[in-house]
Amino acid sequence: MKIAIIGVGNLGLSIAKGLLNNKAVTSLYLTKRHINGLEGLSANKMVVITSDNSVAIENSDILIFAVQPNHLEAVLRKNKQYITPKHNVISTITGFSIEKIEAIIGEKHSVIRAMPNTAIAVGKSMTCISSNQKAQLKLNTARKIFDTLGRTIVIPERQMQAATVVCASGIAYWMRLIRATTQAAIQLGFDAKEAQELAMHTCEGAASLLIHTENHPEQEIDKVTTPRGCTIEGLNEMEHQGLSSSLIRGMIASFEKINGIKERT
């Protein structure tokens, strides 16, 4: 596949690394206004680094836009003459609807929205995808790209804001929980490196159990909670302090914020 990533910030760089690690491209154009910091990728013969978006667009079939939300409209308007119906346009931009993209580049184009997260760099992203009618036949191509970088699910576009909170912002929420577990482990006597290792791999194990068994979390919780035991004592104290409600309220606050961004763009 001939792919261009327009706007190689943190997310764009993560996508690029994932595509290269999985050998999912025949050519990969990476664009950025200031290309400093991308030199390490230039050694790969499949990679072309440029600050000229038009060059990347004209030499690619799949265009992944990963610029900042407030820059996307200007980038599309400046380069719309280079975007043809042959292109598969994929936007990872928060709060920028398919309808608004169509209004800029035209309704004849295949437009897909994809919401990955930064775990895409290690092939573990949960990516949600939606598209316009024109792109229905190209959805499989988009899924193949992101399935090499984790797992995908196709959703209605109306759910994309919520998916951003759960999956993209969700990485930060899980990182904070891992950090808190690490801090507790240090207080319980482990050194910092050991504490983080314990926290990370326990978290990975919990998720893997649910993925492989398809059980509800409470089924796995029941397996490690015994009457008057230390696990239920800890869980009850966490709930008394608002663990679940704080997480839920935080995600709802994030959702309200992202809807505000959508209204302004």
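Select β6 and look at its two faces: S110, I112 and A114 are buried on one side, and V111, R113 and M115 are buried on the other. This is a predicted model. In a regular strand the side chains alternate between the two faces of the sheet. Now colour residues 110-115 by accessibility. Six of the six residues of β6 are buried, so the strand is largely enclosed by the rest of the structure.

**The neighbours of β6**

Add β5, residues 88-91. β5 and β6 pair in the parallel sense, over four bridges. For one of the contacts across this pair, pick S91: its bridge partner in β6 is R113. Next, trace the chain from β5 to β6. The path goes through helix α4, residues 98-105, and the β-α-β crossover is right-handed.

Now show β7, residues 125-131. β7 runs antiparallel to β6, and four bridges join the two strands. Centre on I112; opposite it in β7 stands S131.

**The loop before β5**

Step back to H87. H87 sits in the loop between α3 (69-79) and β5. Is H87 buried or exposed? Its relative accessibility is 1%, under the 20% cut-off, so H87 counts as buried. Show its side chain. The side chain of H87 reaches the backbone oxygen of S60 at 3.0 Å. Then select what surrounds it. Leaving aside neighbours within four places in sequence, H87 is in contact with I57, S60, D61, L63, Y82, S110 and K138. One of these, S110, takes you back to β6.

**The nonpolar cores**

In soluble globular proteins, nonpolar side chains tend to be buried together. Here, select I3, I5, L19, L28, L30, I90 and F146. Within the largest nonpolar core, of 29 residues, these touch the most other members. Which elements supply at least two residues each of this core? They are β1 (2-6), α1 (10-21), β2 (27-31), β4 (62-65), β6 and α5 (139-147). α1 gives the most, with five residues.

Stay with F146 and display its surroundings. Beyond neighbours within four places in sequence, F146 is in contact with I90, A114, P116, I120, T127, I129, R151 and T152. A114 belongs to the β6 face that also holds S110 and I112.

Finish with the second core. This core is separate, has 20 residues, and includes I6, L76, I105 and V111. Of these, V111 lies on the β6 side shared with R113 and M115.

Key
Residues numbered from 1 in each chain as written. Predicted model: local features only at pLDDT ≥ 70, side-chain atom pairs only at ≥ 80, totals over all residues. Heavy atoms only, no water. Buried < 20%, exposed > 50% of the residue type's maximum accessible area, 1.4 Å probe, protein only. Polar contact = N/O pair within 3.5 Å; in protein donor to acceptor, adjacent residues only side chain to side chain. Contact = heavy atoms within 4.5 Å. Pairing = 2+ DSSP bridges. Right-handed = clockwise from strand over helix to strand, strands pointing away. Core = buried A, V, L, I, M, F, W, Y, C linked by side-chain atoms within 4.5 Å.
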